[in-house]
Amino acid sequence: MTKAQGGFRGWVAARKGVWSRLRFTSLRLRLVVVFGLVALTAAVSASGIAYWLNREAVLTRTQDAVLRDFEQQMQNRAGLLPQNPSQDELQHTAGQMANSSQRFTVLLVAEDADGKPMYGSSGGLDGFTLADVPKSLRTAVNEKQQVDNKSEYRLYWQRISDDDTPYLIAGTRVNGGGPTGYMLKSLEQEAKDLNSLAWSLGIATGLALIGSALLAQAAATTVLKPVQRLGVAARRLGEGKLDTRLRVSGTDELADLSRTFNNAAEALEKRVADMAGRDEASRRFVADMSHELRTPLTAITAVTEVLEEELEAETGSMDPMIEPAVRLVVSETRRLNDLVENLMEVTRFDAGTARLVLDDVDVADQITACIDARAWLDAVDLDAERGLMARLDPRRLDVILANLIGNALKHGGSPVRVSIREADDSVVITVRDHGPGIPEDVLPHVFDRFYKASASRPRSEGSGLGLSIALENAHIHGGDITAANSPEGGAVFTLRLPRDASKLAEQDENEGNGKNADGAQKGAA
């Protein structure tokens, strides 16, 4: 069953590939269709002209030969008949005329001594009678021509069709009062010859169409193969393989296009390499600066802690004049500590060295611990049932919750409502405040680094990195954070995390080991 299903899927995939190449929007199909239409138009036009010319040539040649023979027979045989011939003489002469080289049927019409019409027919073609002659032809034959030549009557002819068989019928009258003669000649053989010619031209047209389609396919392949290579190279370039280049051959427009692509790819690779170098240098500078700041900052923090203890002790040893300055130093030192820690966390994310330390945690207990540690119990309303377990990194979850709840308290005000629910093997935590909400133009940027909602107040208590770090911590778990405004008022941040991030942690660990191995190989080299 498995092999049969695999074969069917392969057949379906092959069919889809064929249809994708033959869809009407395909340049290949359009080239083939255009070539075919041009070839068909040319072949049909040439065949039509050739058929018409040959038809006229065949019919004219046969017609001229028959009419010339008939006119000669009328002069040589019918012209020898007396003024009033007998029935037998008419019949005999008609038979002699019909036995000529052209083999046509003859009908002679004359008058006896009493003026009654007599008919003599060669007898072929089911009996050729005067009724078979069109009236217009009889009228023209019996009409005298008033001209200055020797002939009082002229030869007239007409083509007719009877039961899909073409005929040539002609008539004339002997000058000087002789009998009137009519001739009927079948053109069936000529029609068959013309039908054969038409079939031959049709077959030639079909062969020309097939040949043009094959030529069009070959031409399309020649033209589209470089275009397909260009498409593959463009996709590889879009995937980040900036060393992709095309092989250039020839001096035509497609070769120029390949050269242009190679030049653009080379310039893009150089530009990206320069930007990556500057970005790496910037990240290294931030990381080095953060590490260098930690040593003096540790000493400063120790001093400020001593000063803070003096302030809280209220022993009177602190000069009241400098007390506000001491409090400002303590506050700014804490802020600087937070900024340095955030910068170091950001550099770890940028360098890809951030790792998960997973543990089984009760999500509700974790949120309660986060709120309790920061003395937010009176300002936060928690709607969560205990017992919802998840395998997550407790420290990173605490960072996420602290940033989201702290941001809600700072900008939205209390009470802040935190709720938990389970959905599709995920834990969904919602943090909602009751403030004015987030402006619509600010919503797309709330997770950007160092973004300030108000450009007129660039300095605030926050570093501008809290929400960005929270989002990075959600991503490293395989989750996400979204921001929106509640219809009832206030901003709503929704955190979605998987209940088990073990697979993602293993994948990150493997990638880290691979990078370390690559670094070791480069160092050995």
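In the predicted model, strand β8 (residues 389-392) has a covered face, formed by Ala 390 and Leu 392, and an uncovered one, formed by Met 389 and Arg 391. This strand pairs with β6 (residues 359-362) in the antiparallel sense over 4 bridges, and within the pairing Asp 360 stands opposite Arg 391. The side chains of Asp 360 and Arg 391 also meet in a salt bridge, with an N to O distance of 3.2 Å, and this contact links distant parts of the chain, since Asp 360 belongs to strand β6 and Arg 391 to strand β8, 31 residues apart. Asp 360 counts as partly exposed at 47% relative accessibility, and Arg 391 is likewise partly exposed, with a relative accessible area of 29%.

The salt bridge between Asp 360 and Arg 391 belongs to a count of 11 salt bridges. In another of them, the side chains of Asp 383 and Arg 417 meet at 2.9 Å, N to O; here the pair links strand β7 (residues 380-383), which holds Asp 383, with strand β9 (residues 416-422), which holds Arg 417, over a separation of 34 residues. Both partners fall in the intermediate class of accessibility, Asp 383 being partly exposed at 38% and Arg 417 partly exposed at 33%. A further salt bridge is made by the side chains of Arg 432 and Glu 488, at 3.3 Å, N to O. Because Arg 432 lies in strand β10 and Glu 488 in the loop between β11 (480-485) and β12, this pair ties together parts that are 56 residues apart in sequence. The two ends of the bridge are set in contrasting surroundings, in that Arg 432 counts as buried at 17% relative accessibility, whereas Glu 488 counts as exposed at 68%. Salt bridges that share partners, moreover, join Asp 381, Asp 383 and Arg 417 into one network.

Aromatic contacts were examined next. The structure holds 2 aromatic pairs. Phe 70 and Phe 104 form an edge-to-face pair, with 6.0 Å from centre to centre and 85° between the planes; the pair links distant parts of the chain, with Phe 70 in helix α2 and Phe 104 in the loop between α3 (87-98) and β1 (105-111), 34 residues apart. Phe 70 is buried, with a relative accessible area of 0%, and Phe 104 is buried as well, at 3%. Phe 447 and Phe 493 form an aromatic pair that is also edge-to-face, with 6.1 Å between the centres and 90° between the planes. Since Phe 447 lies in the loop between β10 (426-432) and α10, while Phe 493 lies in strand β12 (residues 491-498), the pair ties together parts that are 46 residues apart in sequence. Both Phe 447 and Phe 493 are buried.

Among the helices, α10 (residues 466-476) is largely enclosed by the rest of the structure, because 9 of its 11 residues are buried; the buried positions include Leu 467, Ile 469, Leu 471 and Ile 476. Just after α10, Gly 478 takes a positive phi of about 85°. Helix α2 (residues 27-76), by contrast, contributes the largest share, 4 residues, of a nonpolar surface patch. This patch, of about 370 Å², is made by Val 33, Leu 37, Leu 40, Val 44 and Leu 209. Val 33 is found in helix α2 and is partly exposed, with a relative accessible area of 33%.

Two further buried positions illustrate local packing. Ala 220, placed in helix α5 (residues 188-238), is buried with a relative accessible area of 1%. Its C-alpha atom is separated by 7.3 Å from that of Val 32, although the two residues are 188 apart along the chain; when residues up to four places away in sequence are not counted, Ala 220 touches Arg 28, Leu 31 and Lys 225. Thr 165, in strand β4 (residues 165-173), is buried with a relative accessible area of 15% and, neighbours within four places in sequence being left aside, is in contact with Ile 160, Ser 186 and Glu 188.

For the protein chain as a whole, there are 11 helices and 12 strands, and buried residues make up 33% of the 525 residues. Among contacts between residues at least 6 apart in sequence, 62% join residues at least 24 apart. The accessible surface comes to about 32,100 Å², of which 54% belongs to carbon and sulfur atoms.

Technical notes:
Residues are numbered from 1 along each chain as its sequence is written. This is a predicted model: local features need pLDDT of at least 70, side-chain atom pairs count only at pLDDT 80 or more; totals for chains, interfaces and linings use all residues. Side-chain values use heavy atoms; hydrogens and water are left out. Buried means under 20% relative accessible area, exposed over 50%, partly exposed in between (1.4 Å probe, protein chains only). Helices (H or I, at least four residues) and strands (E, at least two) are DSSP runs, numbered from the N terminus. Two strands pair if DSSP finds at least two bridges between them. Patches are made of residues with over 30% relative accessible area and no salt bridge: like charges are joined within 9 Å, nonpolar side chains (Val, Leu, Ile, Met, Phe, Trp, Tyr) within 5 Å. Accessible areas come from the Shrake-Rupley method with a 1.4 Å probe; for residues, only the protein chains shown count as cover. A salt bridge is a side-chain nitrogen of Lys or Arg within 4 Å of a carboxyl oxygen of Asp or Glu. Contact means heavy atoms within 4.5 Å. Rings of Phe, Tyr and Trp (its six-membered ring) pair if their centres lie within 6.5 Å; planes under 30 degrees apart count as stacked, over 60 as edge-to-face and the rest as tilted.
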